[in-house]
Amino acid sequence: MRYSEMFLPTGREVPSDAELISHQLMIRAGLMRKLTSGVYSYLPLGYRVIRKFEQIVREEMNRAGAQEIFLPMVQPAELWQESGRWVRYGKELLRFRDRHDRECCLGPTHEEVITDLVRNEIKTYRQLPRNLYQIQTKFRDEIRPRFGVMRCREFGMKDAYSFDTDEAGAEVSYRKMFEAYQRIFTRCGLNFRPVEADSGSIGGRYSHEFMVMANSGEDAICHCSACNYAANLEKAEIARPAESETAGTTLDVEEVNTPGVRTIEEVCSFLQVAPDAVVKTLIFSVDDTPVAVLIRGDQEVNEIKVKNFLGCDSLELADDAMIRKVTGSPLGFAGAVGIQARVIADYSLLGMSDCVMGANREDYHLRHVKPGRDFPIADYADLRIIRESDPCPRCGGEVRFARGIEVGHVFKLGTKYSKAMKAVFLDQSGKEKIMVMGCYGIGIGRTVAATIEQNYDADGIVWPLPLAPYAVIITPVNVNEKMLADAAAELYHILTEKGVEVILDDRDERAGVKFKDADLIGIPYRVTVGPKRLAGGKMEIKTRRSGEVAILPVSEVTPFLIARIREGL
């Protein structure tokens, strides 16, 4: 492609609304432009990168035995009502009515649509297993789109869905997709890590996120330095500690006046106790029913763990009215002694025997509280956020924290959708059984942005060769010198005939401007055609990633580049 013919509006200024490097560089390098909040147009250079990544995804999905389809983006409400997600999904689901007053939505995902398709076509075990995938546009009405295509409203996704006769088959399908994802991100040259994750609104019993490691990542992950355990912060487990056999306090509960003291910090200061001697009592509305969650004062509750443990549809902190109803006091003085609610406690309370907690009375706290003696605990569970001081739940090794960008997610859905939507088949004995499902997503634009977060320098993007929009850019320093222009054009034609993706920068611009643009858009190899080198029968090749410069005879330039490209260097 000749640069003079390309629609490639590069820029030097950093966009004022772009926080992440990837967002800044995708705008500056002419990869995309913002249409409206959370919605972007991909320009030719950016779309070439998108298509390259999609091709890698297609090749690996096909290799794993999946078949490509394409499903509608507009989905009828009836399917979502069947699955139970029409209301539960929340405001990210963009609902509307068509001219016939039928309720519809723009698809944020396609579990309902694919389940409907398969239940109507697959009737017997002989037609299973099946894995169907698509690469398609999704829409999620994010309340606060940010970070460019990292968290936008309209985005491209590869989503696949497996259907099996039983759990054993579903495990095979899951493993195939897990391995396919590893190959996809490895081929892209990314530093990534699969981590155990919560399944969120998609549902299911088990899932892994694929995280591209980057300091700019939104997601915190923990991993063990001694084994291969890794999980995101929402999912990271904490092993149940051994219970202390000490007798604990023999002192009676003492009520202490604590005027205006509400927070853990204020309680500790007023009563001269450490945070780990205080018990926080948080009242949650769990499907509109109050539940008290207890946790040690130096820990933080993980609401996702609480929700998963209780198996509820909705969980949120109780409002003032509910708090007053179950405690008899305003916010800030809740405790478990005498509370009118089910009480569950984090493992951090095991072994505690001389605690401070709220007295369920305004401006009062209790000393010398002993769990089990002074109030009942219905259940102990892992309900808190992991810390770096915690041991690995698998091997007891040292836990470390890092940050990552989620680019893929694989789920074991089980029968969540197939049961609700009656996706059944006849087994070998003619008995009707429910299909077992899996779901597997990759964010297309998000992966491209994550690639930039791992591959840039002060001058611009440094594309890994598999995703680079072009492999080579040829830069004659002065297109008005016929000798230089002709030599550059000849090399351009030779490389093009050899199947190399190449740009000829034929613009009448200063060499410095061309070099800046080549670095900004991140082309892996730049061939400079200058008068001094060419007079000696040579050209200069600069490798974008390493900065390595090779001065080669003109006849060796093409073999050198082709060899490097084939080797993926």
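These legends go with several close-up views of a predicted model. Residues are numbered from 1 along each chain as its sequence is written, and side-chain values use heavy atoms, with hydrogens and water left out. Because this is a predicted model, local features need pLDDT of at least 70 and side-chain atom pairs count only at pLDDT 80 or more, while totals for chains, interfaces and linings use all residues.

**View 1. Here is how the protein splits into domains.** Domain 1 covers 15-237 + 401-452, domain 2 covers 254-381 and domain 3 covers 470-568 (the bounds come from an automatic or database domain assignment). Between the C-alpha centres of domain 1 and domain 3 there are 39 Å. Six residues from domain 1 and four residues from domain 3 make up their contact (contact means heavy atoms within 4.5 Å).

**View 2. Helix 2 packs against helix 6.** Helices are DSSP runs of H or I with at least four residues, strands are runs of E with at least two, and both are numbered from the N terminus. Two packed helices are described by the angle between their axes and the distance between the axes. For helix 2 (residues 44-63) and helix 6 (residues 167-187), the axes come within 9 Å and cross at roughly 150° (axes are lines fitted to C-alpha atoms, for helices over the stretch in contact, and angles run from 0 to 180 degrees between N-to-C directions). So helix 2 and helix 6 are roughly antiparallel to each other (under 35 degrees counts as roughly parallel, over 145 as roughly antiparallel, 65 to 115 as roughly perpendicular and the rest as oblique). Their crossing is right-handed, meaning that the near helix is turned clockwise from the far one by less than a right angle; anticlockwise would be left-handed. Among the residues that meet are Phe-53, Ile-56 and Val-57 in helix 2, and Met-177, Ala-180 and Tyr-181 in helix 6. By class, the contact of helix 2 with helix 6 has nine nonpolar, no polar and five charged residues (Ala, Val, Leu, Ile, Met, Phe, Trp, Tyr, Cys and Pro count as nonpolar, Asp, Glu, Lys and Arg as charged, and the others, Gly among them, as polar).

**View 3. Helix 12 meets helix 15.** The axes of helix 12 (residues 482-497) and helix 15 (residues 554-567) come within 11 Å, crossing at roughly 40°. This crossing is right-handed. Leu-491, Ile-494 and Leu-495 in helix 12 touch Val-557, Thr-558 and Leu-561 in helix 15. That gives five nonpolar, one polar and no charged residues in the contact.

**View 4. Three strands, 13-19-18, make an open antiparallel sheet.** Two strands pair if DSSP finds at least two bridges between them. At the edges sit strand 13 (254-257) and strand 18 (355-358), each pairing on one side only. The twist averages 30° from one strand to the next. Strand 13 pairs with strand 19 (residues 364-369) over four bridges, and Glu-255 stands opposite Leu-366 in strand 19.

**View 5. Another open sheet has three strands in the order 4-6-5, with antiparallel pairing.** Its edge strands are strand 4 (74-76) and strand 5 (95-97). From one strand to the next, the twist averages 40°. Three bridges link strand 5 to strand 6 (residues 103-106), with Arg-95 opposite Cys-105 in strand 6.

**View 6. Strand 30 and strand 31 form a hairpin.** Strand 30 (residues 538-543) and strand 31 (residues 549-553) run antiparallel, joined by five bridges. Ile-541 faces Ala-550 in strand 31. Five residues lie between the two strands, and Gly-547 in the turn has a positive phi of about 80°.
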